[in-house]
Amino acid sequence: MKKIIRMLLIITLLISSKALFCAPQKSPQLTIIMIADQFAYSYITKLRNNFKHGLKRFLDQGIVYENAFHAHGSPETAPGHHALSTGTLPKDHGVIGNDWFNKQGKRISYGNDYSEQAPVFKNGDTYEDKFKSPRLTRVDGLSDQFALLSTDNKKNKVFSITIKPRAGIAVANRLGKAFWFDYDNGGFTSSKKYFDEMPSWAKEFNDKNFKNLKSVTWKTFHPEDSEYYKFPQIKNYQNSSFDFSMIERKEITIDRSKKKPFDLYLKTPNAGEKVFELGKICLENNFKPDENDRMILWLCISNLDLLGHFYGPDSFEVIDLLYHLDKQIGDFMSYVENTYGKENTLFAFTSDHGVQPIQEVMQAKGLTQARRIL
């Protein structure tokens, strides 16, 4: 009988999904919750035999729960992450989408908040026009309740490290500490809602990894001509938002003179890898198991969503990114277990929503009823 390890998997589709769960024998000191934005369960049915690392461990050594789903009608980042972090519906937590209009007709974007005066950090200073906080979340969540259970002898800490600000803020809520990627300046940032100033370990990480970053290279995880990429329409760029292959470009440049210099970079495997790397640094600087600390660390890997919106779920880029993600998850799990012990750790992997195929690609595969109505 395979040894059960402390892991949880909740893979959410637009309609239904499966989930893997393993209950720990005791309350874990460290809980790692990984959310892969736009990770549909169809990726598992399609690629299960090709996963060799972290996702394989979840699937082979976890417990599968059938028919898990989000009970709301808006498959977007903000309501999806709130469903996972609060266990409530939009009518309760108040976040009905990434953006919405209030009664006065004003457009509201979740996370943006000028009333609480929580400016976003920019290097050693703050932006004058960017304010981020969880004020629009109407209920407390897992992070808040966990932090409230702290005592003088047992410190409960919550951190979130994400690519999208709305994801990190949604899961950290009010009593956690949220980091997200600075789309304009590069590196990870936060706001004065969470810190009086950026922690030195986060600033050092940014200086080391992003200060002089000019480009990254996207290499396929497996040989490009291998069976891992033998899928119909995998290189059909006719109907994607980008008519070129990011992989075949080899080098992804970061032009800081442009308005969105990190736009392409955030769709690469390297962007997801940096979430895991900063996660390690966060643990090293904030989690002290010998001092009876307990921590929840949320890692929201959003590059799959940012990529999928442009190429669709059947693309060469998305398939390869999933292979990279599988390895990144496996490496991070091994690091945590080797550093803090299997017996002290609970892992979770989930998603905020799924993704539908590109209609024209489905037509090319023979499903002639697939079409756009708008």
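Strand 15, which spans residues 345-350 of this predicted model, is largely enclosed by the rest of the structure, because six of its six residues are buried. In a regular strand the side chains alternate between the two faces of the sheet. In strand 15 both faces are covered, with T345, F347 and F349 buried on one side and L346, A348 and T350 buried on the other. Strand 15 is also joined to strand 3 (residues 30-36), to which it runs parallel, through six bridges, and within this pairing T31 of strand 3 stands opposite L346 of strand 15.

A second buried position is found in strand 7, which covers residues 119-122 and contains V120. The relative accessibility of V120 is 3%, and V120 therefore counts as buried, the limit being under 20%. Leaving aside residues up to four places away in sequence, V120 touches D125, T126, Y127, K130, F131 and K132, and in addition W180, T189, S190 and S191. S133 lies 13 residues from V120 along the chain, and the C-alpha atoms of these two residues are separated by 9.3 Å.

The cysteines remain to be considered. A disulfide is a covalent bond between the sulfur atoms of two cysteines. The count of disulfides in this model comes to zero, with sulfur atoms required to lie within 2.5 Å. For C282, the closest cysteine sulfur is that of C300, at 13 Å, which is too far for a bond, and for C300 the closest is in turn that of C282. C282 is buried, with a relative accessible area of 0%, and C300 likewise counts as buried at 0% relative accessibility.

Technical notes. Residues are numbered from 1 along each chain as its sequence is written. This is a predicted model: local features need pLDDT of at least 70, side-chain atom pairs count only at pLDDT 80 or more; totals for chains, interfaces and linings use all residues. Side-chain values use heavy atoms; hydrogens and water are left out. Helices (H or I, at least four residues) and strands (E, at least two) are DSSP runs, numbered from the N terminus. Buried means under 20% relative accessible area, exposed over 50%, partly exposed in between (1.4 Å probe, protein chains only). Contact means heavy atoms within 4.5 Å. Two strands pair if DSSP finds at least two bridges between them.
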